[in-house]
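The exercises below ask you to read a protein model step by step. Try each task yourself before you turn to its solution.

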Amino acid sequence: MNLSSVQLHQLIKAKIMQAGLSDEHADTVADVLVFADERGVHSHGAVRVEYYSERISKGGINSAPQFSYEETGPCSAVFDGDNGAGHVVAKQSMEKAIEMAQAKGVAVVGVKRMSHSGALGYFTKLAAERGLVAISMCQSDPMVVPFGGSEVYYGTNPIAFSAPGPEGKTINFDMATTVQAWGKILDARSRNQTIPDTWAVDEAGNPTSDPHAVRALLPIAGPKGYGLMMMVDILSGVMLGLPFGRSVSSMYEDLSEGRNLGQLHIVLNPEFFTTRDYFIESIAQTMKELGEIRPAPGFNKVLYPGQNSDLIEAKSKENGIEIVDDVYEYLISEHTFINSYDHKSAFNG
Ligand code: NAI
């Protein structure tokens with residue numbers, strides 16, 4: 001089904017409100033999910049609504065959270081999300097970080113006790129649209145083997161960076177620290193296709209091309225991705241006094257419990273390091289120079305990070321957003337959720 005962003009937003013917001021969130025919080029959740037779908041990141045769009053709705057209705061996402069915000073130093077603060085919707089908690093804490101970076105040049109805001117916040121680039125892009133450089137990273141449920149290991153320890157611990165460019169353009173580099181998302185394995189299973197043996201491992205820890213044999217995902221670039229996902233866990237978990245490593249809560253284990261996840265925003269004001277004009281002109285030049293690089297065989301053009309999604313977004317605005325039939329049927333149904341995710345961890349066999 002092809003929907004405009006306004007139609008998709010209305011459907012998502014209505015479902016999230018039906019599950020129990022306020023108008024304001026449901027509006028933010030819908031904003032973040034539509035952002036992802038509109039930019040081609042379907043793994044973090046409308047496909048997640050049913051899961052969120054079940055968790056909200058069972059109390060595992062707090063529908064009336066009491067947020068608290070405490071400045072802990074000249075450029076640091078801690079935002080406690082009281083296990084409210086992750087999208088709302090991440091957005092409100094990013095707004096605080098933006099304010100602090102505008103005034104003080106640097107802001108480091110630790111966000112604790114939150115739920116899944118979706119596509120992190122949404123939050124860093126907010127800062128870049130206001131002329132700031134931002135980094136955000138968060139914990140996610142354990143499903144990855146550490147380099148050299150055969151047992152799950154870390155999550156797909158994503159990290160996103162955004163920077164402002166000319167004419168309202170922004171650079172958005174936003175990725176999981178695993179080679180592929182778990183959703184891609186499920187997709188290959190449903191189609192009975194093999195997968196590249198660089199994505200995941202089997203029970204013994206051997207690389208596998210059989211999606212049915214997958215027991216854990218692999219970090220990007222071996223020890224380098226493993227080191228990066230560990231640092232994400234340290235910065236967004238250990239440093240905030242939260243559970244870490246294999247103790248991070250599972251997305252699908254108990255939907256009536258808050259997830260107590262952590263996220264960290266770092267926001268920098270380029271004007272405290274160089275002039276605004278020099279920064280924006282240099283980004284413009286970099287974008288232009290990259291776009292002029294002779295493409296390799298099989299490529300049309302070198303894109304800067306996030307430009308691929310900018311191009312998809314422009315097409316979505318023109319032609320609408322493609323939503324798979326099952327998800328559409330659920331969104332227009334009267335049910336808060338149809339298929340239950342509760343106690344269905346993908347890693348319980
Ligand atoms: P991806 O592999 O689709 O893209 C990674 C980066 O590469 C993006 O910045 C993208 O713009 C860039 N890119 C892709 N093709 C390009 C090209 N041709 N030229 C230049 N740059 C290009 O992203 P991934 O790893 O699948 O993550 C998807 C989303 O999932 C992200 O928004 C991430 O934040 C989110 N996520 C959230 C989690 C959570 O717990 N909240 C956990 C894991 C991922």
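**Exercise 1.** Is Arg-39 buried or exposed?

*Solution.* The model is a predicted one, and the task can be settled by comparing a computed value with a cut-off. The step of reasoning needs the rule that a residue counts as buried under 20% relative accessible area and as exposed over 50%. Arg-39 has a relative accessible area of 4%, so this residue is buried. To place Arg-39 along the chain, look at the loop between H2 and H3, where the residue is found. Arg-39 also takes part in a network of salt bridges, in which it is linked with Glu-38, Asp-310, Glu-313 and Lys-317.

**Exercise 2.** Find which parts of the chain are tied together by the salt bridge between Arg-113 and Asp-82, and describe how accessible each partner is.

*Solution.* Begin with the contact itself: the side chains of Arg-113 and Asp-82 meet with a distance of 3.3 Å from N to O. Next, locate the partners, for Arg-113 lies in strand E4 (residues 106–114), while Asp-82 belongs to the loop between strand E3 (76–80) and helix H4 (86–104), and so the pair ties together parts that are 31 residues apart in sequence. Finally, compare accessibility: Arg-113 is partly exposed at 29%, whereas Asp-82, at 18%, is buried.

**Exercise 3.** Repeat the analysis for the salt bridge between Asp-141 and Arg-259, and then set beside it the one that Glu-292 forms with Lys-288.

*Solution.* The side chains of Asp-141 and Arg-259 come together at 3.8 Å, N to O. Asp-141 sits in the loop between strand E5 (133–138) and strand E6 (159–164), and Arg-259 in the loop between helix H7 (223–236) and strand E10 (261–268), so this pair ties together parts that are 118 residues apart in sequence. Asp-141 counts as buried at 8% relative accessibility, and Arg-259 counts as buried at 2%. In the bridge between Glu-292 and Lys-288, the closest N and O atoms are 3.1 Å apart. Here Glu-292 is exposed, with 55% relative accessibility, and Lys-288 is exposed as well, with 54%. The count of salt bridges comes to 20.

**Exercise 4.** Which residues touch the most other members of the largest nonpolar core, and which helix gives the most to this core?

*Solution.* The largest nonpolar core has 28 residues, and those that touch the most other members are Leu-8, Ile-12, Ile-16, Leu-21, Ile-323 and Leu-331. At least two residues of this core come from each of helix H1 (5–19), helix H2 (23–38), helix H3 (49–57) and helix H10 (325–332). Among the contributors, H2 gives the most, with five residues. As background, nonpolar side chains tend to be buried together in soluble globular proteins.

**Exercise 5.** Describe the surroundings of the ligand, starting with the shell of residues and ending with the individual polar contacts.

*Solution.* The ligand is surrounded by 20 residues, of which the closest are Gly-118, Asp-174, Ala-176, Gly-306 and Asn-308. Sorted by character, the shell holds 11 nonpolar residues, eight polar ones and one charged one. Strand E7 (residues 170–175) gives the most to this shell, with four residues. Turning to single contacts, a backbone N or O atom of Gly-118 lies 3.0 Å from a ligand nitrogen, and a backbone N or O atom of Ala-176 lies 2.8 Å from a ligand oxygen. His-44 instead uses its side chain, of which an N or O atom is 3.2 Å from an oxygen of the ligand. Taken alone, the ligand exposes 860 Å², and the protein buries 71% of that area.

Terms used. Residues are numbered from 1 along each chain as its sequence is written. This is a predicted model: local features need pLDDT of at least 70, side-chain atom pairs count only at pLDDT 80 or more; totals for chains, interfaces and linings use all residues. Side-chain values use heavy atoms; hydrogens and water are left out. A residue is near a molecule or strand if one of its heavy atoms lies within 4 Å of it. A polar contact is a pair of N or O atoms within 3.5 Å; within protein, one must be able to donate a hydrogen and the other to accept it, and residues adjacent in sequence count only if both atoms are side-chain atoms. Accessible areas come from the Shrake-Rupley method with a 1.4 Å probe; for residues, only the protein chains shown count as cover. Ala, Val, Leu, Ile, Met, Phe, Trp, Tyr, Cys and Pro count as nonpolar, Asp, Glu, Lys and Arg as charged, and the others, Gly among them, as polar. A salt bridge is a side-chain nitrogen of Lys or Arg within 4 Å of a carboxyl oxygen of Asp or Glu. Buried means under 20% relative accessible area, exposed over 50%, partly exposed in between (1.4 Å probe, protein chains only). A nonpolar core is a set of buried Ala, Val, Leu, Ile, Met, Phe, Trp, Tyr and Cys residues joined through side-chain atoms within 4.5 Å.
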